[in-house]
4 protein chains.
Amino acid sequence: MVRVGVIGASGYAGGELLRILLRHGKAELAYATSRRYAGEYLFRVHPNLRGMSDLQFVGNDFSKVSDKADLVFTALPHGESFKVMPQIVAAGVKIVDLSADFRLSDPGDYDRWYGFKHPVPDLLDRFVYSIPELNRDQIRGATLASSPGCMAITSILAMAPLFKQKDVPIDRKHVVVDAKIASSGSGGKPSLSTHFSERYGVVRPYKPAGHRHTAEIEQEMGKLAGDKITVSMSAHAINMVRGILSTCHVFYEGDLQNSNVWRMYRAMYNNEPFIRMVKDKQGPFRLPDPKVVIGSNFCDVGFEIDEWGHRVVAIGAIDNLLKGAAGNAVQVMNLMLGLDERQGIDVAPLHPV
Amino acid sequence: MVRVGVIGASGYAGGELLRILLRHGKAELAYATSRRYAGEYLFRVHPNLRGMSDLQFVGNDFSKVSDKADLVFTALPHGESFKVMPQIVAAGVKIVDLSADFRLSDPGDYDRWYGFKHPVPDLLDRFVYSIPELNRDQIRGATLASSPGCMAITSILAMAPLFKQKDVPIDRKHVVVDAKIASSGSGGKPSLSTHFSERYGVVRPYKPAGHRHTAEIEQEMGKLAGDKITVSMSAHAINMVRGILSTCHVFYEGDLQNSNVWRMYRAMYNNEPFIRMVKDKQGPFRLPDPKVVIGSNFCDVGFEIDEWGHRVVAIGAIDNLLKGAAGNAVQVMNLMLGLDERQGIDVAPLHPV
Amino acid sequence: MVRVGVIGASGYAGGELLRILLRHGKAELAYATSRRYAGEYLFRVHPNLRGMSDLQFVGNDFSKVSDKADLVFTALPHGESFKVMPQIVAAGVKIVDLSADFRLSDPGDYDRWYGFKHPVPDLLDRFVYSIPELNRDQIRGATLASSPGCMAITSILAMAPLFKQKDVPIDRKHVVVDAKIASSGSGGKPSLSTHFSERYGVVRPYKPAGHRHTAEIEQEMGKLAGDKITVSMSAHAINMVRGILSTCHVFYEGDLQNSNVWRMYRAMYNNEPFIRMVKDKQGPFRLPDPKVVIGSNFCDVGFEIDEWGHRVVAIGAIDNLLKGAAGNAVQVMNLMLGLDERQGIDVAPLHPV
Amino acid sequence: MVRVGVIGASGYAGGELLRILLRHGKAELAYATSRRYAGEYLFRVHPNLRGMSDLQFVGNDFSKVSDKADLVFTALPHGESFKVMPQIVAAGVKIVDLSADFRLSDPGDYDRWYGFKHPVPDLLDRFVYSIPELNRDQIRGATLASSPGCMAITSILAMAPLFKQKDVPIDRKHVVVDAKIASSGSGGKPSLSTHFSERYGVVRPYKPAGHRHTAEIEQEMGKLAGDKITVSMSAHAINMVRGILSTCHVFYEGDLQNSNVWRMYRAMYNNEPFIRMVKDKQGPFRLPDPKVVIGSNFCDVGFEIDEWGHRVVAIGAIDNLLKGAAGNAVQVMNLMLGLDERQGIDVAPLHPV
């Protein structure tokens, strides 16, 4: 059994890590930290874990992280992770970071998208931006991994085959990513905008422009395409607790057949354990829909060609707390530790739910 | 009191017409037809109307429509309306049609978008496509009016000021309309895809390309711009019963200031009784959200400029059964009858709901 | 036009009063107070009111309430109302209070159910507990009125005919009231338990015993029955924003026919403008359901006889912000002012919503 | 690996059985039958199972059930199960039946509660009504097991300790069970009453009296109490897809302390792997709530004493498709096969969801 710690375990992504690790099979939860809830049982904060563990949260003492664990997840809020990371890195453990603090390799992108000067820019290069479907081998050899943003990973997985191929010219200037996200993506802290009566039933365009995940998408799509990509992203909060749908409007030039695009996607995803291609002729779930991935690490991917507008609509759907956070992070951990990539997360979604 | 009939009154749009007309003040509901429910009390089909009226549905006998009413609404399904329209037109009453059958002036568009040859193409020219905010004077003089599609009106009202102005060049080829729509938009007929357990919590990209409302948007935006516009529309069904949000991604060239765009919208909407500009600095409802228009005829309109991608995100929100159907139709009726445009629909939205 | 003020207008009940008063027809909104939001436009707090009024909140200065208004609504939180009431009463205006502070006529009930000693017990007798269906004439002559609790009025209206009649013996010791209530009933203040991700999808038995509305129900049912009634109430928060269903399990002795019970309800409610009897043989809405009263002042009432257990299941459904708060309060105001009881609230519910 | 068949696998309970069995670990899914979908891939009917299995449904040929499986689940609709059961029983396999057809041991109860004469009354005695927390040893030795109704098991587990004990007199005539149930409990067949727009947001008292699960509750509570119990049950459909909350209002005589009741529950449930006692002083989840059991086989149980009304409010919460159907059935299978009771169902609930 590998011993694993979770730093910042009181948030929703942290809670999901705990849930997975308590039944992982090859890794065991060594400790879970929380400044605010130190001394409390896990289930006081994560009521689903009642009866699953007697563990209590411990405080954020990082001096002994390596004594007690072989790998740690850091699930701290953005802007908190980089404060403690040098100390944890120095301890010599393997790390999977779930925050945004080590996702962008160019320090200038933090100025541009996050509005601050990155305090430890030298660490950026040492973290591997980790989407197994894109860079599995690199992750296997990594000591420090950064797990992507939830809307970023959905959008990247939806569009990657289009930008990776070289046969059909893709418009790099008018890539529209229209994302719909559930409430858990904005965390567990109450506020007026998350107050049930105000939040229920909304279709809230909370970030029509300038969403920070844009930077990750541009970074990774740019790598795949070998060219600069400009992404026009808009994020909407909708009436559900889990799930993301990312609708990516991608324009092409010339001619494009359904079978061409199928081939691009098959080439990239055919053997992927957590990608399901969804493109059916009938039934209510003919294209990706977060409803049928809830509780699983799947990213469902599909597309439709719009000949009228010379557009491919590439669509991705995930459970934002799994493939969008804890599930992908555990998949990355499994790779880093040489375990079966599916260990602990090979779970069917719930339906209906 | 003007006498008004509703033909095809058992659907959701029909029910909403009845609800408005029963308390309109200047018009009175003369009759409501339904082939299927003839002889039934209105409240057997529309349970909200219990205690509001003793009227019963009558069958679809169009021979005497003009004897009993001065104006009729036709709220029949698409493809049914054009079958009965010649007979109703011949009766000489004023008509407001809520179906798609008389919205497009070019008969060829029915081949292209609806897949059939229009059986009465000569009638198309006689119907006025009616959005008061665009062509109020024309509506005032109309005998035959066609009320727009729910996603079309939302998108048109969101983008119209951008295409009407001539100062800033707008990209006419990459106009993306990403619409999110509630369940009532797909009507009252049960099916597997509308079965609660299957429909609840979805973000279903049910029509990523080829949505028929595209044709209306292109037709009307083209008129405003004086040029051909290609619209790339995708429609998503989401977890609510009423409401539409249309996110319109519009690319521009050169420079664009917030104050410029404000001016375009103010110029067009400043005195509109049913348009509210929403663009605030704080609060949960800084931009349009269908949640706060439910129960009203408002279309909330707002925008945000994305300098990074040279994009204006133009956003519209409505109650699909009101400004998207019955509410706009009554507004059109008021104009056609020379009544105060707000009569019977000057109602505040519910909040929270 | 009667001038009306709303004291404590920033909460949900206050907002609903504003919404009604802005289109009442015979009364006009003179002012709306809010300590916290003084100087803000109404629509900053109640986003639905955007475009409906240019009024701003004023502070809570009660010295001049009577100069500016002929009647005031007090919609302050429980425990705040009795602090300011003596001053407002002294001003000589008519008052409709929406708080719990003047609902119970026995001061001892405040000790027992609310846990405090009532500071102005002498005022209790001067307030009329106001349910028009029970004591319309008394309300007509009242100067000071107290509008009932939302779950209380639903339960009372559901059961009243059973306790008012003397023909069939009703068990007074095992009256179970099982209430299901929407989120808006708990107000607009954010907290962990109202955080969307935690509140969505719950069936939370938040007050299985000791709910304060029990006292009102016992008080009013006791008056009707001329006997002491013990009510066993449990309150559940469920997954919606508006609405209450109260399921009242009432045991009887001897024999009871459907037609008997019909007669009891008809006798009491036959001419009531805001009571609808709902007891159908078919359709999805055979019995009361809050879904089909949303947006209206209706209380839907129905029942079913369970011969097996010698039980009548009496059921009431309302929109908690209307018949459960602002709607009933305006109905009471109309009576106090000699207006048509339906003025400003004769509105059909929305459906579907 | 034990080979297991699922007969009637296209419904929601059947789908949940498939989901569990595909990852059970000690049992393997040998076949899944469906008359309607024979030849279709499982994921065409259960979209969550895409990528989880290549199996196709087979038709309902029962002649060879025992050749291919050591145990079969029958998940047919009520009234279908008893038609095929004699043939399956004759095949000699172990059977866990999820229908209502073999739950009641007195054939007369089928006349009374289901309105038909049971066609194979001799089989009734051979089926063990199976709630492991009540009769684990009997289940271990069983060949034929009947898994209880979803609302029955919730209510029975909530109240059992009160009726099992003999110290405090419990009222046997006024036991009120007020159940709130999600949509998946009514199956996957579309109808007007399950049409999303009509079903969303309801609190529908769809069976205020005469619910068939009453019979099971009376049967089992009667056994525990050694006396006849009359249960007054009302069932409500509410706005969610999974979950049941059963609020049981139980009256007592004399005095009852919190610690007494704790002792009763602890005595019965202390070592139960799938019962969690929930009775906290703080937090949003102080008492059972289906929200925090979704995806798991837990039944959360709690209570509150109402001294005013001499009432214990006993509360149970489950995921209706798990502890209310497939989860309990697999737990029963595990016992019948001598496996670890938790095998394949030892899963944490999702939160938030």
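Two strands count as paired if DSSP finds at least two bridges between them. Strands here are DSSP runs of E with at least two residues, helices are runs of H or I with at least four, and both are numbered from the N terminus.

A word on the model: it is predicted, so local features need pLDDT of at least 70 and side-chain atom pairs count only at pLDDT 80 or more, while totals for chains, interfaces and linings use all residues. Residues are numbered from 1 along each chain as its sequence is written, and chains are lettered from A and ligands numbered from 1 in the order in which they are written.

**Exercise 1. Find the strands that pair with β9(C), and say which residue stands opposite A237(C).**

Step 1. Start with β7(C), residues 175-181: seven bridges join this strand to β9(C), and the two run parallel. I181(C) is the residue facing A237(C).

Step 2. Now try β8(C), residues 203-207. This strand pairs with β9(C) in the antiparallel sense, over three bridges. Here K207(C) has A235(C) as its bridge partner.

**Exercise 2. Is β9(C) enclosed or open, and what happens on each face?**

Step 1. Fix the yardstick: a residue is buried if 20 or more other C-beta atoms lie within 10 Å of its own, exposed if 12 or fewer, and partly exposed in between, with C-beta atoms placed from the backbone.

Step 2. Count. In β9(C), residues 231-238, eight of the eight residues are buried, so the strand is largely enclosed by the rest of the structure.

Step 3. Split by face. In a regular strand the side chains alternate between the two faces of the sheet. One side of β9(C) has V231(C), M233(C), A235(C) and A237(C), the other has S232(C), S234(C), H236(C) and I238(C), and all are buried.

**Exercise 3. Do the job again for β10(C): which strands pair with it, and which residues lie on each face?**

Step 1. β7(C) turns up again, pairing with β10(C) in the antiparallel sense over six bridges. V177(C) has C248(C) as its bridge partner.

Step 2. β13(C), residues 311-318, is also antiparallel to β10(C), over eight bridges. The partner of T247(C) in β13(C) is I315(C).

Step 3. For burial, eight of the eight residues of β10(C), 244-251, make the cut, so this strand is largely enclosed by the rest of the structure. I244(C), S246(C), C248(C) and V250(C) are on one side, with L245(C), T247(C), H249(C) and F251(C) on the other.

**Exercise 4. Check the length of α10(D), then work out what covers its buried residues.**

Step 1. The expected span is 1.5 Å times one less than the number of residues. For the 13 residues of α10(D), 213-225, that gives 18 Å, and the end C-alpha atoms are 18 Å apart, so the two agree.

Step 2. Buried residues in this helix include H213(D), T214(D), I217(D) and M221(D).

Step 3. Their cover includes α5, β5, α7, α8, β7 and β9 of chain D.

Step 4. Just after the helix comes G226(D), with a positive phi near 65°.

**Exercise 5. Where does V353(A) sit, and what does it touch?**

Step 1. V353(A) lies in the segment after α12 (322-336) of chain A. This valine is buried, with 26 other C-beta atoms within 10 Å.

Step 2. Contact means that the C-beta atoms of two residues, placed from the backbone, lie within 7 Å. Leaving out residues up to four places away in sequence, V353(A) touches I294(A), V241(D), R242(D), I294(D) and V353(D).

Step 3. V292(A) is 61 residues away along the chain, and its C-alpha atom is 8.4 Å from that of V353(A).

**Exercise 6. How are chains A and B related, and what makes up the side of chain A that touches chain B?**

Step 1. Superpose by least squares on the C-alpha atoms of residues with pLDDT of at least 70 in both copies. A turn of 180° and a shift of 0.0 Å along the axis lay chain A on chain B with an RMSD of 0.0 Å. That is the relation of a two-fold axis.

Step 2. The contact takes 40 residues from chain A and 40 residues from chain B. β10(A) gives the most to chain A's side, with four residues.

Step 3. Sort that side by class: 18 nonpolar, 13 polar and nine charged. Ala, Val, Leu, Ile, Met, Phe, Trp, Tyr, Cys and Pro count as nonpolar, Asp, Glu, Lys and Arg as charged, and the others, Gly among them, as polar.
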